[in-house]
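Visitor: Hi! I have a structure open here and would like to talk it through with you.
Guide: Happy to, let's bring it up.

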Number of protein chains: 2
Amino acid sequence: MMRAGPSQEEIRRHNLGVLLRHVHLGGPTSRAELTSLMGLNRSTIMALTADLTAAGLVREELPGDTGKAGRPSLVVRPETARVYVLAFEVGVDRLAAARIGLGGVILDRREAVREREPFDMGQIVGTLAGFARQMQRETRDDTVCVGAAAAFCGAVRKADGFVRIGPNIGAEEAPFGEELSRSIALGLPVSVGNDANLAALAEQTRGVGAGCRDLVYLHGDVGIGGGIVVNGQLLGGAGGYGGEIGHMVVNPDGRLCGCGSRGCLEAEVGERALLEHAGRYGEAVGRDGVRAVVDAADRGDVVAQDAMQRVGNYLGLGVGSLINVFNPEMVVFGGMLREIYLGSAAQVRSRIAAGTLVATREHVRLRTSALGDDATLMGAAELAFTRVLADPLEALSRLTP
Amino acid sequence: MMRAGPSQEEIRRHNLGVLLRHVHLGGPTSRAELTSLMGLNRSTIMALTADLTAAGLVREELPGDTGKAGRPSLVVRPETARVYVLAFEVGVDRLAAARIGLGGVILDRREAVREREPFDMGQIVGTLAGFARQMQRETRDDTVCVGAAAAFCGAVRKADGFVRIGPNIGAEEAPFGEELSRSIALGLPVSVGNDANLAALAEQTRGVGAGCRDLVYLHGDVGIGGGIVVNGQLLGGAGGYGGEIGHMVVNPDGRLCGCGSRGCLEAEVGERALLEHAGRYGEAVGRDGVRAVVDAADRGDVVAQDAMQRVGNYLGLGVGSLINVFNPEMVVFGGMLREIYLGSAAQVRSRIAAGTLVATREHVRLRTSALGDDATLMGAAELAFTRVLADPLEALSRLTP
């Protein structure tokens with residue numbers, strides 16, 4: 001907590017990571033811009049860039065015609081096609097995997113529909129590992145995989161990716177991270193995070209919330225998950241299980257929730273509540289089911305409109321409480337909540353106006369996810385890139401050749 | 001966000017602050033312990049200590065008999081009697097001020113009961129400034145005031161201590177920080193923070209939550225305030241208004257709240273709810289009124305017991321939601337909530353058990369405030385010490401001689 005200052009070597013390593021992070025998040029950046037962004041002199045930037053180039057993480061190029069006279073500053077680009085991570089997603093309704101290059105570019109992806117059947121970890125791990133093998137086979141020989149991470153729709157122990165509970169997928173106390181690491185067999189562990197947490201991270205690093213220091217992200221799948229960014233950092237809590245905003249109680253005498261409690265945000269706003277209120281439970285499920293209700297309400301179906309209003313009411317109530325607690329710059333609605341919010345925005349906004357202090361809500365912006373269905377995979381990729389961005393050369397030296 | 005590493009001089013200044021913070025929070029500490037705590041070599045520690053000694057912030061002494069053979073390591077002590085801050089508190093029922101020495105020792109204090117009358121900023125500032133003058137007159141000539149801060153029972157703008165709203169004291173849009181700074185006339189601004197935020201800071205730095213990285217503190221006055229520590233830092237949010245957990249909705253069709261909403265935690269658990277449920281509203285108010293209900297319930301008064309149970313039910317419900325959102329190591333009940341929690345602990349705990357995920361609650365400890373009624377003043381003192389602990393020599397150089 002109160003460590004002393006770093007050594008010169010630690011500073012160099014830190015600076016290598018900072019520079020790499022700039023080009024990873026900001027794309028091609030000139031040496032001159034890096035000099036100004038990082039507050040370092042030109043020769044230091046040159047030395048750092050040379051180290052990263054030698055490691056194969058970036059390359060330097062002459063920019064296109066800049067229109068200015070004089071010698072142009074070289075542009076530093078991430079080696080997107082060469083340096084990549086594997087990102088995985090376990091959602092209630094889909095399994096997905098992607099190969100994502102430095103700079104956040106999806107190079108390849110695989111996806112399968114998941115049927116709503118009992119949780120079978122072996123089958124899920126097998127599908128994801130199969131995707132990984134297919135994608136790896138198709139990569140060039142000079143590429144390097146610098147990390148792997150998975151997003152899981154449940155509460156996940158940070159240390160080892162052990163799934164504590166995922167009520168909507170039927171998972172409980174499952175050693176998912178360990179199994180996936182073993183099956184992928186990359187020689188490096190697969191990190192695992194909660195899907196909504198990782199989607200929040202993606203929106204805050206390269207989505208609608210880019211640059212926000214304080215952001216609340218709500219993710220609708222079958223359940224409602226959350227990812228909260230406080231002062232630029234994802235809220236983890238003591239065990240890494242923080243952000244379970246789907247299990248805030250918004251209606252103490254309300255609907256039973258999969259967690260065993262009553263009136264949780266998830267129970268009042270989740271897919272099942274919406275479908276039941278609309279009299280459509282048992283018809284289409286998932287995104288299709290939700291879209292059908294939103295569309296019916298748009299077309300003037302009174303039952304669907306009433307369902308949207310009931311759900312919007314509790315959504316606004318829950319978001320209002322979150323605004324009072326977090327005083328965020330932005331609230332982002334992702335996953336299925338994107339549609340629900342867009343279909344009930346007036347209701348949500350009026351509930352927020354009635355239920356929050358002026359001081360906590362006055363500058364808040366309500367937005368929908370910019371990355372859409374890719375948010376979760378992109379967030380898993382950011383988690384997978386963590387190590388190489390923290391200490392690039394050390395991370396590379398650890399990879400098995 | 002992505003700054004480059006610090007210079008040698010920045011590192012020295014940082015290390016001076018870190019060392020001072022160690023003795024401020026940990027009390028007298030030997031050079032040997034500092035060497036090990038800070039991960040620096042002995043000569044660096046000697047040089048840092050010499051600088052702080054020359055500045056009059058610490059002194060070095062031979063320890064008492066250590067019982068060990070050999071030359072004992074010198075002990076570094078904070079100059080508690082010489083270096084101090086002024087801390088103020090504006091509560092609904094009291095105005096207080098204290099002179100608090102480096103190391104967190106209350107050297108002097110003044111206090112006045114505040115009647116529940118309309119908000120009169122001039123009168124409050126006058127009383128606090130009078131306390132400050134009295135205490136300053138009685139200090140020795142060689143002392144130095146390194147900061148001042150106030151805790152206010154309302155939502156406060158961080159930048160200038162402007163009070164946005166304090167519903168329970170009747171304050172709205174009041175330039176409290178500016179007025180208090182002008183009246184105290186120390187040549188340095190008086191920082192102002194929310195009382196519950198500052199009490200949380202005090203409990204986390206030197207109270208029951210010392211060392212906790214993730215802590216939720218609930219403060220009961222007339223209203224319910226909160227202070228939340230996330231990863232070691234007080235949650236401020238975009239405008240510094242975060243932590244308003246008293247205005248989380250726990251009962252959407254519930255009691256009207258002073259904020260204009262319905263069923264806020266404050267409306268269901270605050271002083272007024274308890275007194276009304278107990279049929280005692282209009283009798284004693286404040287701490288005395290609350291104690292009377294708790295005592296009556298203890299003695300078997302059925303109406304008082306029912307009131308405690310109703311309030312405990314919503315308290316447990318609200319705390320359960322906070323545990324799911326924050327996954328904290330500890331929840332601390334302070335102010336009047338100390339008594340209410342102790343009088344309804346079984347109810348609160350069973351509500352939490354029913355309303356939280358195992359993963360988010362499994363290691364959480366529920367505790368009452370260790371600093372009691374001093375928490376708020378101690379928190380204001382920590383805020384006032386911020387500058388000298390961040391960069392000791394720079395802070396001293398800015399003081400008017």
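Guide: One cut-off before we start: a residue is buried if 20 or more other C-beta atoms lie within 10 Å of its own. Also keep in mind that this is a predicted model.

Visitor: Good, let's try that cut-off: does B:Ser261 count as buried or exposed, and why?
Guide: B:Ser261 has 23 C-beta neighbours inside 10 Å, so it counts as buried.

Visitor: And where is B:Ser261 found in chain B?
Guide: In a loop of chain B, the one between β14 (233–234) and α7 (265–269).

Visitor: Which residues is B:Ser261 in contact with, leaving aside its neighbours within four places in sequence?
Guide: Two are in its own chain, B:His247 and B:Val249, and A:Ala354 and A:Gly355 come from the other chain.

Visitor: How far is B:Ser261 from B:Met248?
Guide: Going by C-alpha atoms, they are 9.8 Å apart in space, with their positions 13 residues apart in sequence.

Visitor: So the chains touch. How many residues of each are in contact?
Guide: On the chain B side there are 56 residues, in contact with 55 residues of chain A.

Visitor: Which elements give two or more residues to the chain B side?
Guide: Those are α1 (8–26), β9 (163–166), α10 (302–326), α12 (345–355) and α13 (358–361) of chain B.

Visitor: How do the residues on that side divide into nonpolar, polar and charged?
Guide: The side of chain B that touches chain A has 28 nonpolar residues, 22 polar and six charged.

Visitor: What turn and shift lay chain B on chain A?
Guide: A turn of 180 degrees with a shift of 0.1 Å along the axis, and the RMSD is then 0.1 Å. That is how a two-fold axis relates two copies.

Visitor: What share of the interface residues of chain B are also interface residues in chain A?
Guide: It comes to 98%, so the copies meet through the same surface.

Visitor: Let's look at one copy. How many helices and strands does chain A have?
Guide: Chain A has 15 helices and 16 strands. Its radius of gyration is 23 Å, close to the 21 Å from the globule rule for 401 residues, so chain A is as compact as a globular protein of that length.

Visitor: What box do its C-alpha atoms fill?
Guide: Taken along the principal axes, the box for chain A is roughly 65 × 50 × 45 Å.

Visitor: How much of chain A is buried?
Guide: Buried residues account for 54% of the 401 in chain A. As for its contacts between residues at least 6 apart in sequence, 63% join residues at least 24 apart.

Visitor: Which domains is chain A divided into?
Guide: Domain 1 covers 8–78, domain 2 covers 83–198 + 376–398, and domain 3 covers 211–370.

Visitor: How far apart are domains 1 and 2 of chain A, centre to centre?
Guide: Their C-alpha centres lie 30 Å apart. Where they touch, 13 residues of domain 1 of chain A are in contact with twelve residues of domain 2.

Visitor: What gives the most on the domain 1 side?
Guide: That is α1(A), with six residues. The residues of that side divide into six nonpolar, four polar and three charged.

Visitor: Changing topic to sheets: what order do β8, β9 and β10 of chain A have?
Guide: They form an open sheet of three strands, β8-β9-β10, with antiparallel pairing. At the edges stand β8 (155–156) and β10 (171–174) of chain A, each with a single partner strand, so one side of each has no neighbour in the sheet.

Visitor: How many bridges join β9 and β10 in chain A?
Guide: Three bridges join β9(A), residues 163–166, to β10(A). Within that pair, A:Gly166 stands opposite A:Ala171.

Visitor: Over in chain B, how many bridges join β8 and β9?
Guide: Two bridges, and those strands run antiparallel. B:Ala155 has B:Ile165 as its bridge partner in β9(B).

Visitor: In the hairpin of β8(B) and β9(B), which residue takes a positive phi?
Guide: B:Gly161, near 70 degrees, in a hairpin with six residues between the strands. In the hairpin of β9(B) and β10(B), with four residues between the strands, B:Gly170 takes a positive phi near 80 degrees.

Visitor: And which residue is the bridge partner of B:Val163 in β10(B)?
Guide: B:Ala174 is its partner, while B:Gly166 stands opposite B:Ala171.

Key: Residues are numbered from 1 along each chain as its sequence is written. Chains are lettered from A and ligands numbered from 1 in the order in which they are written. This is a predicted model: local features need pLDDT of at least 70, side-chain atom pairs count only at pLDDT 80 or more; totals for chains, interfaces and linings use all residues. The radius of gyration is taken over C-alpha atoms; the globule rule is 2.2 Å times the number of residues to the power 0.38. A residue is buried if 20 or more other C-beta atoms lie within 10 Å of its own, exposed if 12 or fewer, and partly exposed in between; C-beta atoms are placed from the backbone. Two residues are in contact if their C-beta atoms, placed from the backbone, lie within 7 Å. Ala, Val, Leu, Ile, Met, Phe, Trp, Tyr, Cys and Pro count as nonpolar, Asp, Glu, Lys and Arg as charged, and the others, Gly among them, as polar. Two strands pair if DSSP finds at least two bridges between them. Domain bounds come from an automatic or database domain assignment. Copies are superposed by least squares on the C-alpha atoms of residues with pLDDT of at least 70 in both.
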